[in-house]
Amino acid sequence: MKAVKILFLTLLFSLISFAPIHKFYVSVSQIEYVSEKQSVQIIMRIFIEDLENLLRKRYDSEITLNESEKESQINEYINQYLSSKVLFEINNELKKFNFLGKEYEDDIVFCYLEIENVSKIKDFKITNNLFFDVFDEQQNIIKTNINSEKESFVLTSQKNKAEVHFKP
Amino acid sequence: MKKLIHYCLAILFISAGLSAQEIVKPERQSGHKNENKFKELYDEFATPNMFRTGSGAPGPGYYQQQADYKMDIELDDVNSKLSGYETITYTNNSPDELKYLWVQLDQNMRAPDSKTPLIESTFTEQAQSPSDFVKKYMKDQLERGFHIEKVTDTNGKSLPHMINGTMMRVELPKSMNTGGKFSFNVQWWYNINNHVEEGGRSGFEYFSDTDNKIYVMAQFYPRMAVYNDVEGWQNAQFFGRDEFALPFGNYEVNITVPADHVLDGTGRLMNRKEVFTKQMMTRFEKAKKSYDEPVVIVTQAEAEAAEKLKSTKAKTWKFYAENVRDFGWASSRKFIWDMMAVKIGDKDVMAVSLYPPEANPLWGDWSSKTVASTLISYSRMTFDYPYHKAISASAPMGMEYPMICYNFGRPDKNGTISKRTRYGMMGVIIHEVGHNFFPMIVNSDERQWTWMDEGLNTFVQYVAQGDFGAKYPDALALGDTEFPSRRGPASKIVPYMSGNQDYIAPIMSKGLNTHQFGNNAYGKPATALNILRETIMGRELFDYSFREYAQRWKFKHPTPEDFFRTMEDASAMDLDWYWRGWFYTTDYTDIGLKDVKRLYVSSKPNQAAIKIAFDEKKSIDDLEPMVYFVEEGSDEYNTSMKNNDPLQNSTTLKEYLMDNFTEEERKTIESPKYFYNITFDKPGGLVMPIIVEYVYADGSKERVTYPAQIWRHNDREVSKALATQKEIVSIKIDPDLETADIDTSNNAWPKEIKQSKFEQFKSKN
């Protein structure tokens, strides 16, 4: 019982502290298929604070985001992290993405990923494990716009995959 | 000129009206209720009464209860334990007879039988780090929650009481009538939580290097619940996230802590000479006259020395606070202490900061100045800050109490102060000091209506941040010209308002029950108020009304209706449609340019004329003379019309002018040359003004705002007929992004082909 209680209290921590900051661990991935360019374009919005927290824990405790130093090193870390946590399968085939870079806006990092040479999409599957290693109640929102059909999903560590299928 | 335009426009309207009447409905429609977005909020608002009037002001029967406290508190630093003995004197100003009193025991939110964890949905992670596992399942901790030792009357006789979660009901020996007073004593203690590890809005932070703690204390004593005309006894339990509702009263508080602790809190320090050294007294006298720079009362060197020595003696700090709704205090031997004076009206107020060496140099440079600047901005927007001091204490959280608040933001361990730390620290100080106004003084029920304090406060914070950046350009990061605000500007709320409807709630929701607390209770209401100020009302009307609200309800308990009504009462603006859309729904703004049609004047009877003739059963030749318009690109249009003057194209018009105006008059008449029918559509549910920028062929621009009421007859689509001297080459809706329009791809004519955000980034890099 005590253990359970402590688990609850830990969960609670991130809910109730820091009154004016976001108390909502969430990332948003906007995925768009641009058929004329044969390209899947992905923009991920992540709170700077969450990402910094993660990179410090995983790679380098000295890192500070958005301070112009070490940005290329930071890009490598982000690429490394995203590559290990986010997987795309298109038409049942695992597809690698290019990490094009990131930009900062207020308290958010925008990460840009692209999958090239996608001539058509019949099935699209994303596995997103972002931040499940650090935040218990992380939610990853996925918004897809593929073949002119819009869908949206909320992924958690219990349900970390989203799939869209299209009629041939 | 004017006359002629009106004539032409009138004809345009008539033809538009005719086509609308043409639509024949084959079946009889069923009736409907009034679902007009401009319908008054009579169904949603409580009926005005003797307590709260229709104007939004307190009514002749308005009352509020009073709770006065006398407390002796003792801190056991070694065991992180707090104990106290308090006497509460409760005054019943209500017209009601009270049989019992309710007291809030907020610490019970952490008690073993707390329902807080039970209302959260949880699950076990499939993969966990060993350190998380240990923290979650294996680490033990002391039991939390209040231990109520006794509840007695003034003669020491035990009073029957019953604890229901975070509330305690105390039975009165006999019912209290109006004006009655009742005093009772409570003796209590609890184990203080480590707020960094366990969370919480108060508690201690542990520093392992010197084995020291910083205590930032609040909700540490049994506090009276609010009894009022709206709710009776406050009955919403404390689950941790939603904050508080408290009556005003006077506090006499004696706090005993280790002798080397530096302590400050709500109220006047009554025994300064006993607890200050001579040197501190001299520095304090100097600080009272220092308006530009803070004066250090306890230096960093003194704090660092105290950290190591650790006195075993105790010292008692005595405070008296008048007309406050709560009491908070911060204490540590790690504290550096500085103060400066700030003129508010004709009074001097002290801006005070408490922070450990770890917070320097950031805090020494900016904390007290930020406090001072905040008091000036908020006093301008509301009323002169009525208390004699405002304290900012350093703790990794952000939380507010009367006269004192706890704020995060310290340099990294290696000494770097990132931009985010810097702006975060200044922003949180402005925000928490601002809470002195909402809800510490304008005392709304935080637990029920989170937006009333967080939203209003975040809105004024936005204004105050602008002031602060302008006053202290040195405070800004290199290259910045203004303080960056992420809440307030309309465009910043778009991602939230365009998001998944399953995860957003109307502002008029209880904070506890919302998914996105930050956007729901802070971001959206702050933005809604900013848009109301800048776009709907204008600063003059808004600021007057907002101040009126703050002044009417300072040291009182307002409800949402009191705010809504006052804003209308003081501005002569019926804003029910705005409250309804922005506060009672999750609708969003999306207004588009559906169509732009150019028209030409023609003397040949067109299809419209044929219809009129048919309807009136006349031949075309028998119709009254008319000016006809032909749409560009229609069957009746021919390119020769394009270059002719409207007068050349219409004999009717020429004749009318000849018959009705003298030659002199005709010379001064200038006829419009260009005619347009512009159709706006509204995919979004919110009604908002249509702000349009017309760009003419000569490069000149004209801004026209069609008030929101343009949508009152048709919520989906409206049109404007325009007659101009110059050709319109482009049109843009909401050019300055001030309405939070979630889709701007339909805002321009001709349609702007915008590069996507992704393509923009790709081509840049």
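pLDDT is the predictor's confidence in each residue, on a scale from 0 to 100. The structure is a predicted model, in which local features need pLDDT of at least 70 and side-chain atom pairs count only at pLDDT 80 or more, while totals for chains, interfaces and linings use all residues. Residues are numbered from 1 along each chain as its sequence is written, and chains are lettered from A in the order in which they are written.

**Exercise 1.** Determine where in chain A confidence is lowest and where it is highest.

*Solution.* Begin with the whole of chain A, whose mean pLDDT is 83, with 85% of its residues at 70 or more. Next take the helices (DSSP runs of H or I, at least four residues) and strands (E, at least two), numbered from the N terminus: helix 1 (residues 2–16) of chain A has the lowest mean, 37, whereas strand 3 (residues 86–90) of chain A has the highest, 96. Finally, pLDDT stays under 50 over residues 1–22 of chain A. Where pLDDT is low, the predicted coordinates should not be read in detail.

**Exercise 2.** Explain why the largest nonpolar core lies between two domains of chain B.

*Solution.* A nonpolar core is a set of buried Ala, Val, Leu, Ile, Met, Phe, Trp, Tyr and Cys residues joined through C-beta atoms within 7 Å, buried meaning that 20 or more other C-beta atoms, placed from the backbone, lie within 10 Å of the residue's own. The largest core has 173 residues, and B:Ala330, B:Ala351, B:Leu375 and B:Ala390 touch the most other members. Its largest share, ten residues, comes from helix 12 (residues 517–537) of chain B. Because domain 1 (66–122 + 129–339) and domain 2 (591–765) of chain B, with bounds from an automatic or database assignment, both give residues to this core, it lies between them.

Methods
Two residues are in contact if their C-beta atoms, placed from the backbone, lie within 7 Å. A residue is buried if 20 or more other C-beta atoms lie within 10 Å of its own, exposed if 12 or fewer, and partly exposed in between; C-beta atoms are placed from the backbone.
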